[in-house]
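Me: I should like to learn how to read the features of a structure such as this one. Could you take me through the model step by step?

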Protein chains: 2
Amino acid sequence: MARERDILDRLRRFATDPAARELSDDVALLDGLIITHDTIAEGVHFLSSDPAASVGWKLVAVNLSDLAAKGATPRGALLSLTITGDDQWEADFLTGIEAACESYALPLIGGDTIALPQGAPRVLGLTAIGRAGAHVPHRGGGQPGDTLWLVGTLGDSAAGLALLRDDPRSAGPLVDVFRRPIPQLEAGRALAPHAHGMMDVSDGLLLDASRMAEASGCAALIDLDALPLSPAFIDARGDSRGSRLFAATGGDDYALLAALAPEIDPSTLSLPSETTIARIGSLNAGEPGIRLVSGGQPIELPEILGHEHHGLSAAPMADRP
Amino acid sequence: MARERDILDRLRRFATDPAARELSDDVALLDGLIITHDTIAEGVHFLSSDPAASVGWKLVAVNLSDLAAKGATPRGALLSLTITGDDQWEADFLTGIEAACESYALPLIGGDTIALPQGAPRVLGLTAIGRAGAHVPHRGGGQPGDTLWLVGTLGDSAAGLALLRDDPRSAGPLVDVFRRPIPQLEAGRALAPHAHGMMDVSDGLLLDASRMAEASGCAALIDLDALPLSPAFIDARGDSRGSRLFAATGGDDYALLAALAPEIDPSTLSLPSETTIARIGSLNAGEPGIRLVSGGQPIELPEILGHEHHGLSAAPMADRP
């Protein structure tokens with residue numbers, strides 16, 4: 001992944017406009033609008049066997065998750081659709097796009113349709129635009145002494161993907177989370193005014209938390225035992241150190257990670273009633289990076305903290321020896 | 001292309017937000033910002049043998065051409081970059097992106113990098129954002145009695161592509177235009193306040209003029225003899241009815257087509273001094289569509305008016321029997 005880091009370093013030297021937020025926040029901020037773009041590719045971000053409608057849903061949801069992490073309200077989307085000649089696939093894909101857009105009040109306002117060469121993997125992009133609130137928390141805004149909170153559960157999507165890799169006909173709640181992630185828009189809006197730092201967890205909690213720590217110039221401490229797991233995840237993989245490390249590195253969670261001043265109690269904020277939110281650690285003064293504890297004892301970080309597969313975002317793990 | 005039209009019809013029923021401009025203007029307009037997205041694919045919009053830097057330039061230029069057609073001033077871009085493992089190609093591509101961004105004062109403010117499966121054709125996208133002026137001409141704003149003006153010359157790019165198809169080592173001004181089109185930003189800003197309708201010519205003049213005519217509910221009359229050809233084009237292909245029809249349908253021109261009230265003389269507007277602008281026809285009351293004249297006589301339309309290869313834009317020719 002040194003190559004991706006080289007590219008990012010180069011782009012960052014060039015992207016000096018304040019709207020770029022140093023290309024380290026997954027979004028741009030221009031005239032009060034939050035703008036983000038995510039592209040997904042067949043065989044990389046989704047499986048050829050995934051239902052097309054769920055691919056459409058996921059494309060919208062992963063972009064909305066970036067808006068959620070900035071506390072933004074969806075305002076419009078531009079779709080980049082590649083047409084490969086499978087009419088039914090494309091019709092179903094659009095059904096998923098429309099369902100997600102309607103669910104989250106995201107109007108489709110433009111885009112592009114292009115042909116691809118025969119047999120090329122599908123590549124689908126979406127630019128999502130949201131209206132920013134008064135405070136747009138940067139991932140690098142965390143401060144020593146902040147508590148780290150996680151909205152959502154971890155590992156469901158990675159467990160669902162593992163089931164699908166074993167058997168593409170797999171079904172159930174874990175597969176559903178992999179295919180149809182839920183962007184935490186309301187929780188994001190409730191937390192944003194109070195968050196020093198916030199980002200979505202898309203590439204694995206440990207990787208994303210390390211990015212927040214690096215960008216904030218803090219040492220992050222994560223309590224493995226505090227990570228929220230769903231009943232479906234525990235049913236499938238148990239609740240052990242191994243399963244928790246799997247959940248902490250699996251990626252595709254679209255949870256939110258927020259750094260809040262220690263005096264803030266999220267239960268006093270106007271979070272949706274069904275929100276799963278857990279205190280999972282803290283930011284502290286010290287060498288920027290991440291440390292992990294379990295049972296009150298430091299434990300070794302896994303070799304792979306997550307997936308560096310997308311995003312014009314900091315990739316500090318590429319710096320590790 | 002019925003399939004693409006079906007998709008557009010479906011999206012248009014769904015994209016009812018005013019910012020979408022009925023998905024018939026190549027751009028969205030939100031909070032005074034013009035937003036457009038164009039994706040280009042290897043083997044469809046550029047050749048594998050094209051220098052990577054020119055591919056980067058072209059990706060920026062084709063998006064800026066959409067901003068030019070709305071009279072917008074570039075404000076920011078989000079790049080969607082697929083990484084395929086050829087470091088030199090990607091470095092050169094970014095050199096082209098940076099050159100175009102610097103030439104047209106377009107800050108890079110965000111985006112996404114993703115991996116593609118081994119051997120997949122490159123797919124590269126850009127979302128360009130510009131600040132709108134007081135009047136944003138819609139392509140459908142033309143009125144009966146308007147004169148049609150073209151900024152730029154026609155056919156150079158298509159002639160350059162034909163040379164490259166014969167011999168990938170071809171060079172010269174026509175190849176340069178194919179590889180490094182020039183967005184007409186200043187001319188677009190000068191014309192926009194006065195234009196009833198405006199659009200860029202990317203898919204072939206006859207096709208794009210027919211789209212303007214349909215969207216404006218007017219009959220367009222185009223004088224084949226009035227179409228501006230460059231000396232390089234005439235050197236290569238001569239000045240005949242055949243070469244003019246080639247130029248009128250070739251596409252990839254990134255010229256501007258403007259419908260102006262007949263009393264407006266563009267030479268009195270603040271166009272850049274080197275601007276090539278020609279009066280090429282008129283809009284009139286009557287059945288929406290396009291007619292062609294040469295030597296003062298009506299001539300038959302060619303069977304293919306242009307390339308319906310991209311854009312969430314009206315594709316009225318698919319309606320033709």
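Reply: Let us begin with a definition: two strands pair if DSSP finds at least two bridges between them. Please keep in mind throughout that this is a predicted model. In chain A, seven strands make up an open sheet with mixed pairing, and their order is β7-β9-β6-β10-β8-β11-β12.

Me: Which strands of chain A stand at the edges of this sheet?

Reply: The edge strands of chain A are β7 (195-201) and β12 (297-299). Each has a single partner strand, so one side of each is left without a neighbour in the sheet. From one strand to the next, the twist averages 30°.

Me: How should I read a pair of strands inside the sheet, and how many bridges join β8 to β11 in chain A?

Reply: The general idea for any regular strand is that the side chains alternate between the two faces of the sheet. In this structure, β8 (residues 219-223) and β11 (residues 289-294) of chain A run parallel and are joined by five bridges. One point of reference is A220(A), whose bridge partner in β11(A) is I290(A).

Me: Which helix lies across β8 and β11 of chain A?

Reply: Helix α7 (residues 205-216) of chain A does so; it lies across β7, β8, β9 (255-260), β10 (277-284) and β11 of chain A. Its direction is at about 150° to β8(A). Angles over 145 degrees count as roughly antiparallel.

Me: What is the order of the strands in the sheet of chain B?

Reply: In chain B the order is β7-β9-β6-β10-β8-β11-β12, an open sheet of seven strands with mixed pairing. Its edges are β7 (195-201) and β12 (297-299) of chain B, each with a single partner strand, so one side of each lacks a neighbour in the sheet. Neighbouring strands are turned against each other by 30° on average, direction ignored.

Me: The pairing is mixed in chain B. Are β6 and β10 of chain B parallel or antiparallel?

Reply: Strand β6 (residues 147-151) and strand β10 (residues 277-284) of chain B pair in the antiparallel sense, over five bridges. Here V151(B) has I277(B) in β10(B) as its bridge partner. By contrast, β8 (residues 219-223) and β11 (residues 289-294) of chain B run parallel, again with five bridges, and A219(B) stands opposite G289(B) in β11(B).

Me: How many residues lie between β11 and β12 in the hairpin of chain B?

Reply: Two residues lie between β11(B) and β12(B) in this hairpin. In the turn, G295(B) has a positive phi of about 60°. The two strands run antiparallel and are joined by three bridges, with V293(B) opposite P298(B) in β12(B).

Me: Let us turn to helices. At what angle do α2 and α3 of chain A pack?

Reply: An angle is read by its range: under 35 degrees counts as roughly parallel, over 145 as roughly antiparallel, and 65 to 115 as roughly perpendicular, with the rest oblique. Helix α2 (residues 52-68) and helix α3 (residues 87-103) of chain A pack at about 40°, their axes 6 Å apart. The two helices α2(A) and α3(A) are therefore oblique to each other. The crossing of α2(A) past α3(A) is right-handed. Among the residues that make the contact are V55(A), W57(A) and L59(A) of α2(A), and W89(A), F93(A) and I97(A) of α3(A). By class, this contact of α2(A) with α3(A) has 14 nonpolar, four polar and one charged residues.

Me: How are chains A and B related?

Reply: A turn of 180° with a shift of 0.0 Å along the axis lays chain A on chain B with an RMSD of 0.0 Å. That is the relation of a two-fold axis. In chain A, A120(A) comes closest to the rotation axis, with its C-alpha at 2.9 Å.

Me: How many residues does each chain bring to the contact, and which element of chain A gives the most?

Reply: The size of an interface is often given as the accessible area lost when the parts come together. Counted here in residues, the contact takes 55 from chain A and 55 from chain B. The elements of chain A that give two or more residues include α1 (2-14), β2 (33-41), β3 (73-83) and β5 (123-131). The most comes from β4(A), with eight residues. By class, the side of chain A that touches chain B has 29 nonpolar, 15 polar and 11 charged residues. Of the interface residues of chain A, 100% are also interface residues in chain B, so the copies meet through the same surface.

Notes:
Residues numbered from 1 in each chain as written. Chains lettered and ligands numbered in written order. Predicted model: local features only at pLDDT ≥ 70, side-chain atom pairs only at ≥ 80, totals over all residues. Axes fitted to C-alpha atoms, helices over the stretch in contact; angles between N-to-C directions. Helix = DSSP H or I, 4+ residues; strand = E, 2+ residues; numbered from the N terminus. Left-handed = near helix turned anticlockwise from the far one by under 90°. Contact = placed C-beta atoms within 7 Å. Nonpolar A, V, L, I, M, F, W, Y, C, P; charged D, E, K, R; others polar. Least-squares fit on C-alpha atoms with pLDDT ≥ 70 in both.
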